[in-house]
Amino acid sequence: MGGAEKELWQLLKWLPKNEFECHCLFSSDGPMVEKVKALGIKIHIAKLKWWVANNEDPMICLFNVCDGIKERIEKISDIIKSNDIDLVMTNTIVVPDGAMAAKMTGVPHIWRIAEMLSSDPSLKPFLSLRSLYSSVIRLSDYVVVCANAVMAEFKNTLGYKPDNMRVVYSAMETNEGVQENKLKVEDENIVFSAGYISPRKDFFTLLKAAKLVHDRIPSVRFKIAGSVSDGDYYKKLLRERKALKLESIFELCGFRNDIEKLINQSAVFALSSTSEPFGVVLLEAMGAAKPMVVTDSGGPSEAVVDGVNGYVVPVKDYKKMADRIIFLLNNKDIAKRMGQAGCRRTKAIFNMDIFGNNYVSLFKKAVKTQRKRSAERIFQMEDIIELFNDIGTNRKFIRDRINSYDKIYSSFPYRLYKKVFKTSHE
């Protein structure tokens with residue numbers, strides 16, 4: 001369960017049971033399914049596919065999402081109709097199936113977006129970014145984004161601010177028992193961070209900062225929790241860690257399901273991302289009364305007020321990051337006050353009541369103002385799905401042609417021709 005799953009689970013738990021009957025559709029079984037089942041919510045399992053490539057060729061992603069799309073949308077449409085669903089909500093930008101099924105059945109749709117694709121090298125749409133964002137807007141009654149940074153991403157890409165877009169900040173329940181920010185003596189100099197091991201999280205900046213912090217405070221230890229999403233990046237990070245001789249103090253913990261425990265054992269939370277829509281882990285650390293050092297990478301600078309509940313430093317500025325971490329580790333009283341300020345800020349702004357009530361308001365508006373789509377518009381959606389389905393059906397033919405062109409373009413005669421042509425042209 002990542003941040004998006006945790007946030008969805010919190011919402012499902014919060015929603016008044018006397019007002020809402022919730023159904024959840026998942027692509028497969030897993031920990032999230034079991035947690036949702038425990039809430040008494042009906043579960044549906046159906047295949048879902050991404051229309052945004054995750055560390056792969058966007059054209060392959062296109063073929064994959066088109067393969068079987070008609071059957072997928074029909075199955076989700078049947079679930080909507082047979083359960084008298086009044087509203088569909090999609091919880092990530094990377095899966096379009098729920099939005100398409102909602103369009104097909106004339107049911108209102110809300111799309112929750114917590115991604116900024118323009119600055120995420122691991123997520124590549126096969127559509128242009130403008131076309132994809134425009135499609136998200138057109139397929140939704142409301143688009144809900146997790147921070148103003150994501151709103152700005154859409155506005156800058158589209159050239160206008162969508163009328164149906166709203167900002168609803170992420171929220172987490174705070175743990176009353178950790179507000180005192182009590183640490184064991186042996187835990188006093190632990191710096192904690194979390195996130196997928198990928199270029200966007202920029203752990204190289206945190207690693208270089210760790211070197212400077214360690215030079216000043218030899219007892220410091222850095223712990224980073226997160227799965228590896230980019231193997232090549234991970235290997236480079238390990239090589240750099242070895243070159244800096246930081247293997248013993250910069251620990252890559254891998255995937256962990258005890259994030260709360262790791263946060264509670266730390267003195268400072270650090271986030272070094274180059275681009276970050278928001279990050280639920282920020283709220284988990286703030287709720288645990290931890291002072292923060294984060295980069296000015298989007299949503300984090302909306303959660304952290306510089307000098308109040310932590311520090312905001314420029315992206316990739318490892319020297320400034322190290323300087324702020326050293327200050328907090330050397331000034332425990334200030335660090336404690338900042339941590340407590342963060343906990344108060346979480347309760348005041350990023351609490352579940354504000355989060356949940358914002359959603360309830362949008363749910364009711366969407367259903368109340370619902371106008372069944374005309375038959376003509378539904379037919380248009382059917383035509384689009386039929387087109388995608390044809391691409392999926394003919395994917396082998398298309399892929400064979402692309403592979404043959406790839407072989408030509410990578411061949412020695414072509415590379416020689418290109419070099420000669422380029423030289424003579426210059």
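What follows is a short exchange about a predicted model.

Colleague: What are the ground rules for reading this model?
Modeller: The model is predicted: local features need pLDDT of at least 70, side-chain atom pairs count only at pLDDT 80 or more, and totals for chains, interfaces and linings use all residues. Side-chain values use heavy atoms, leaving out hydrogens and water, and residues are numbered from 1 along each chain as its sequence is written.

Colleague: In what order do the 4 strands of the open sheet stand?
Modeller: Strands are DSSP runs (E, at least two residues; helices are H or I, at least four), numbered from the N terminus. Two strands pair if DSSP finds at least two bridges between them. Here the pairing is parallel, and the order is β4-β5-β7-β8.

Colleague: Why is one side of β4 and of β8 left without a neighbour in the sheet?
Modeller: β4 (88–90) and β8 (165–167) each have a single partner strand, so one side of each stays free of neighbours in the sheet. Both stand at the edges.

Colleague: Which residue in β8 is the bridge partner of V145?
Modeller: Strand β7 covers residues 142–145 and pairs with β8 in the parallel sense over 3 bridges. For V145, the partner in β8 is V167.

Colleague: Which side chains of β1 are buried?
Modeller: In a regular strand, side chains alternate between the two faces of the sheet. Along β1 (residues 23–26), H23 and L25 point to one face and are not buried (buried means under 20% relative accessible area, exposed over 50%, partly exposed in between, with a 1.4 Å probe and protein chains only). Pointing to the other face, and buried, are C24 and F26.

Colleague: Through which helix does the chain cross from β1 to β2, and with what hand?
Modeller: β1 and β2 (residues 42–45) run parallel, joined by 4 bridges. A crossover is right-handed if, with the strands pointing away from the viewer, the path from the first strand over the helix to the second runs clockwise. This β-α-β crossover goes through α2 (residues 31–37) and is right-handed.

Colleague: Which residues touch the most other members of the largest nonpolar core?
Modeller: A nonpolar core is a set of buried Ala, Val, Leu, Ile, Met, Phe, Trp, Tyr and Cys residues joined through side-chain atoms within 4.5 Å. The largest has 55 residues. Those touching the most other members are I93, I113, V136 and F154.

Colleague: Which elements do the buried residues of α7 pack against?
Modeller: Helix α7 (residues 148–158) has buried residues including V150, F154 and L158. Its buried residues pack against β5 (109–113), α6 (129–138), β7, β8 and α12 (300–303).

Key: Contact means heavy atoms within 4.5 Å.
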